[in-house]
Amino acid sequence: MVAKRLFAGVGFVLLATAASGTVAHAQIQPQTPEPTQIAPADAPVVTPSVDADVLYELNSAQGDAHTQQRMRWQVSSLRQRLDPQNSDVFMITSWTDHTLTVVDTARKRASVMPVPGPQQITPPGQPAAAGTYARLGNSVVAGEQCTLWRTTDADGHPTDACYTPDGLLLQVAQQGQVTVRALSVSRATQPDNVFAIPSGLKREAPAHP
């Protein structure tokens, strides 16, 4: 399992195992306005500037399957932890040393690989350094105000993303279908032990280097 970049600014957020589809109750504007082009300096903040713990819902392309995924982020160390629902596997991304560590607690194994895709992220709190963005409007997701932006995913497909002012991604939609949606958001401080790799694990080569 490797992390997949959804689109230029927020690739460190979700997993390749995340499906895409529709969430019937997601709060997306019923009529999407024409995008408002912006200057690069006015692009959204796409790397969180606060520690965060976000629970996401991810949905299948057919809308008949969904799962959840927990994302924790520590801004001081630029580390992220991803925990898929009902899985013995979790992932730690360190943007300081550009590594992705996949930990399988059931098999007591871990594999380390370079972060997939571009090796840099936009510094926390700064406008997106890569990609193009057009402002669509505002929305509310998981009780949080966010701004809807039109950008493109890694394959160049138009993608609408909703970001909070402090850089938390709350929703992703393509062609009017919500593929990712935050269910809960916490800005609590994330301790170092959340991102620690357990000791005594057997190191193995990644399945997909």
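In which loop is the place of His98? In this predicted model, His98 belongs to the loop between S5 and strand S6 (99-104). The backbone of His98 shows a positive phi of about 60 degrees, although His98 is not a glycine. With a relative accessible area of 24%, His98 is partly exposed, because the partly exposed class lies between the buried limit of 20% and the exposed limit of 50%. A second residue with a positive phi is Lys108, at about 55 degrees, and Lys108 is not a glycine either. Lys108 is found in the loop between S6 and S7. Its relative accessible area of 53% makes Lys108 exposed.

A look at the whole chain helps to place these loops. The secondary structure of the protein chain consists of 13 strands and zero helices. Read from the N terminus on, the elements therefore run β-β-β-β-β-β-β-β-β-β-β-β-β. The protein chain has 209 residues, of which 46% count as buried. Its exposed surface comes to about 10,000 Å², and carbon and sulfur atoms supply 50% of that area. Among the contacts in the protein chain with a separation of 6 or more, 55% are between residues 24 or more positions apart.

Strand S4 (residues 79-84) makes a good example to follow in the structure. How many of the six residues of S4 are buried? Six of the six are buried, so S4 is largely enclosed by the rest of the structure. The side chains leave the strand in two directions: Arg79, Arg81 and Asp83 point one way, while Gln80, Leu82 and Pro84 point the other way. Residues on both sides of S4 are buried, and charged names such as Arg79 and Asp83 are included in that list.

Strand S4 has a partner on either side in sequence. Strand S3 (residues 66-74) runs antiparallel to S4, and six bridges join the two. Within this pairing, Arg70 stands opposite Asp83 in S4. The hairpin of S3 and S4 has four residues between the strands, and Leu78 there takes a positive phi near 55 degrees. Strand S5 (residues 89-94) also pairs with S4 in the antiparallel sense, this time over four bridges. Here Arg81 stands opposite Ile92 in S5. The hairpin of S4 and S5 likewise has four residues between the strands, and Asn86 takes a positive phi near 55 degrees. Arg81 takes part in one further arrangement: its charged end sits over the ring of Phe90, 3.7 Å from the ring centre.

Attention now turns to the aromatic rings. The structure holds one aromatic pair. The rings of Tyr133 and Trp149 have their centres 6.4 Å apart and their planes at 85 degrees, so the pair is edge-to-face; the angle needed for that label is over 60 degrees. The pair links distant parts of the chain, 16 residues apart, with Tyr133 in the loop between strand S7 (109-114) and strand S8 (134-141) and Trp149 in strand S9 (residues 144-152). Tyr133 and Trp149 are both buried.

Strand S9 also contributes to a covalent link. Which two cysteines form a disulfide? Cys146 and Cys162 do, with their sulfur atoms 2.1 Å apart. The partners lie in two strands, Cys146 in S9 and Cys162 in strand S10 (residues 158-163), so the disulfide ties together parts that are 16 residues apart in sequence. The link is right-handed, with 90 degrees about the S-S bond. Cys146 and Cys162 are both buried, and the count of disulfides comes to one.

A final residue to find is Ser139, which has its place in strand S8. Is Ser139 buried or exposed? Ser139 is buried, with a relative accessible area of 7%. The C-alpha atom of Ser139 is separated by 9.8 Å from that of Thr164, and the two residues are 25 residues apart along the chain.

Terms used: Residues are numbered from 1 along each chain as its sequence is written. This is a predicted model: local features need pLDDT of at least 70, side-chain atom pairs count only at pLDDT 80 or more; totals for chains, interfaces and linings use all residues. Side-chain values use heavy atoms; hydrogens and water are left out. Buried means under 20% relative accessible area, exposed over 50%, partly exposed in between (1.4 Å probe, protein chains only). Two strands pair if DSSP finds at least two bridges between them. Contact means heavy atoms within 4.5 Å. Accessible areas come from the Shrake-Rupley method with a 1.4 Å probe; for residues, only the protein chains shown count as cover. Rings of Phe, Tyr and Trp (its six-membered ring) pair if their centres lie within 6.5 Å; planes under 30 degrees apart count as stacked, over 60 as edge-to-face and the rest as tilted. A charge sits over a ring if NZ of Lys or CZ of Arg is within 6 Å of the ring centre and within 35 degrees of the ring normal. A disulfide is a pair of cysteine sulfur atoms within 2.5 Å.
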